[in-house]
Amino acid sequence: MSLSDFVYVVAKAVSYLTLVLVVAYIFLVSFIPVIGAFALKWELSILPEVWTLNNIKFLFEDPFVLRSLYASLLIAGITSVFSTTVYFLVILYLFLRERSRWVSTFIEVAVLIPLMLPAILLALAIYEVYRPTFIGGTYWILVSAHLTIVSPYVFRNLFSVAKMIDMKTLIEASRSLGAGVLTTAYKVILPNIYHGLIGAMLLAFAVSFGDFEMANLLAPWQYRTVTIAIFQYFFKNAWNASAIILLVIIVSVITSFLVAYLSRKAIARYIEVVR
Amino acid sequence: MVNPYIKSFLLDTLLLLPFMLILVFFIFIPFSVSLYYSLSDQSGSSLTLGNFIRIYSDRSYLNAIRNSIVISLESAVLSTLFGSLLAYAFTFLSPTVRDIIRSVLLLPIIYPGLVIAFSLVILFGSSGVVTSMLLKYFGVYLPGIFDVRSYNGLILAYQSFLVGFTSITLSGVFLSLDRSIIEASRSLGADVFQTIFRVVLPIVAPGLIAAFIQAFIIAISGYGTALALVGGGGNLITLRIIMLISDVEYQPHLASALAMNIAIITIPLALVYNRLLKKVVGGVV
C-alpha cells in the first residue's frame with residue numbers, strides 16, 4: 001500500500017469517527033433534559049433511579065412558570081407574525097419592482113446586520129434608548145429587539161424559497177398576462193410561497209421563544225420569559241428546570257422538522273407546477 | 001387617474017416602510033445612541049475617549065478582552081476542524097443519511113445556549129451523573145481533570161452548536177469539490193500532500209475561512225452559555241457588560257464602550273464573511 005492510499009484510508013476513518021462522536025455528543029447534550037424532566041433521583045446510573053411526573057405537574061402549577069410561558073408565547077407569536085409580514089413585503093419588493101442594484105445590496109447587507117452586531121450590543125443599545133420611554137415597561141421592547149435578531153433567519157428562508165420557485169418567471173408571466181401588481185402578489189406569489197412563509201414564521205417563533213440573551217436584559221418584570229425561568233430555577237432544582245427545558249426542546253424539534261418538511265414541500269409543489 | 005410615477009413610488013414605500021422603520025428605530029438609532037454613550041461620560045457634557053482609556057488601562061478589562069478572544073479563537077479553530085472532518089465524511093454518505101445527520105446538527109442551533117450549558121452541568125458537573133458514576137466505579141474525580149464549569153467547559157459547550165454551523169457551511173464546499181480534479185492531480189504524479197496543499201486547499205479555503213469567521217463571531221458575541229456555565233464571575237467581555245448594567249453596578253457608558261470593543265472585532269469580520277459567502281454554496285444563515 002502506498003503512502004497516499006494510507007493517508008486516504010486514515011482520513012476517511014478519522015472523519016467517520018469524528019462524525020459518530022460529534023453526532024453522539026450533540027444527541028446527548030440535546031436530549032439529557034428530556035430524561036431529566038422525568039427524574040426524581042438520578043445519581044449513579046445511566047438512567048434515573050426514581051422516575052416521576054411531578055416535574056411536569058410543577059410545570060402547570062407554578063405561577064411563575066405559567067406566567068413566563070404566557071409571556072414567551074405572546075412575544076414569540078407577535079414577533080413571528082410581524083417579522084414574516086415585514087420581510088415578505090421586502091421580498092415582494094425585491095422580486096416585483098424594478099429596482100436599482102444599490103437598493104438590493106443595501107437590503108441584503110442590512111438584513112445581515114444582526115449577525116454583525118452581537119445580540120448583547122443591540123439589546124444594550126435598545127435598553128439604553130427605550131427603557132425610559134413608554135415602551136420600556138411593556139413587552140413591546142422585547143418584541144422590537146427580537147424583530148431585529150430574527151431577520152437573517154426569516155429573510156434567508158423566504159428568499160431561498162422565492163428563488164427556488166423561480167418567482168421572477170412567475171411574476172413576469174402573471175404581469176404579461178395582464179394581472180396588476182396586487183393581483184400578482186395575492187393570487188400568484190402568495191399561494192406559491194405559502195410553505196416558505198409558514199417555515200419562516202416557525203423559525204422566527206423558535207428563535208424568539210428560545211432567546212435568553214436579549215430577554216435577560218430587556219424583559220420587564222411581569223413578562224419574564226421561559227428561558228429566564230429556566231435560568232432562575234436551574235440552580236434550585238435541576239429536574240424542575242429540565243421540565244421547562246423540555247418545552248423549549250419540543251418547540252425547537254417541531255420547528256426544525258417542520259421547516260425541513262415545508263421547504264421540501266415547497267420544492268415538490270414547484271416541480272409539480274413545472275410538469 | 002393617479003400619476004403612475006407617484007403610484008409606483010407609493011407602492012415602493014408601502015413595501016419597504018415597515019422594514020425601514022425596524023432598521024432605523026431598532027438598529028440605527030439605538031446603535032448611534034450606544035456609540036454616543038461609549039464616547040461620553042456619566043455627566044454627558046462632551047465627547048471623550050475616557051471610557052476606552054479606562055478599559056485599556058484596567059488590567060481586568062484587558063484580561064476579559066483577551067479571554068474572550070482566546071476562547072473564541074480556540075472554539076472557532078476546533079469547530080472548523082471538526083466541521084471540515086464532518087463535511088468530508090458527508091461526501092461518502094447517501095443524501096438521505098446526510099439529511100438526517102444534518103437535521104440533528106441543526107437542532108442545537110435553534111436551542112438557547114443555556115440549555116446546552118445545563119445539559120453539560122447535569123452530565124459532568126461536580127454532582128453530575130457521569131461525574132458520580134466515574135467516582136463510584138473508577139475512583140476518578142472528573143472536575144479534578146476537566147472542570148466543565150470553566151473556560152474549557154465553555155469551549156466544549158460551544159462545539160455543540162458551532163460544529164453545526166461550520167459543517168453545514170463546509171459540506172456545500174466539499175460536496176461541490178470535483179473528484180476528477182483530485183484524480184487528475186494524482187495521475188499527473190502529485191503525491192498526497194501536494195494534492196492536499198496545492199489543489200484541494202486553495203479550493204476549500206474560502207469556505208474554511210467563512211466557517212471560521214462565523215464560528216468566531218458566534219462564540220465571541222454570545223453570553224447565555226457562559227453565564228449558565230461559568231457564572232457571572234467569569235471574566236469575559238460579555239459577562240462584564242452584563243455586570244455593568246446590573247443593579248449592583250450601573251454604568252451604561254462603560255458598558256457601551258465595552259460592547260463597542262466587540263463590535264470593532266465583529267463588524268470587519270462580518271464584512272469579510274459576507275464577501276466570502278458569495279463564493280460558498282449553502283450555509284445556515
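The following exchange concerns the core, the domains and the chain contact of a predicted model.

Trainee: What should be kept in mind about the model and its numbering?

Mentor: The model is predicted, local features need pLDDT of at least 70, side-chain atom pairs count only at pLDDT 80 or more, and totals for chains, interfaces and linings use all residues. Residues are numbered from 1 along each chain as its sequence is written, while chains are lettered from A and ligands numbered from 1 in the order in which they are written.

Trainee: What makes Leu218(A) a residue in contact with Ala123(A) and Ile126(A)?

Mentor: Two residues are in contact if their C-beta atoms, placed from the backbone, lie within 7 Å. Leaving aside neighbours within four places in sequence, Leu218(A) has such contacts with residues including Ala123(A), Ile126(A) and Leu142(A).

Trainee: How do you know which domains of chain A there are?

Mentor: Domain bounds come from an automatic or database domain assignment, and chain A is divided into domain 1 (3-51) and domain 2 (54-274). Their centres, taken over C-alpha atoms, are separated by 31 Å, and seven residues of domain 1 of chain A are in contact with 10 residues of domain 2 of chain A.

Trainee: Why are 54 residues of the side of chain A that touches chain B called nonpolar?

Mentor: Those 54 are called nonpolar because Ala, Val, Leu, Ile, Met, Phe, Trp, Tyr, Cys and Pro count as nonpolar, Asp, Glu, Lys and Arg as charged, and the others, Gly among them, as polar. The contact takes 73 residues from chain A and 68 residues from chain B, and the side of chain A also holds 12 polar and seven charged residues.
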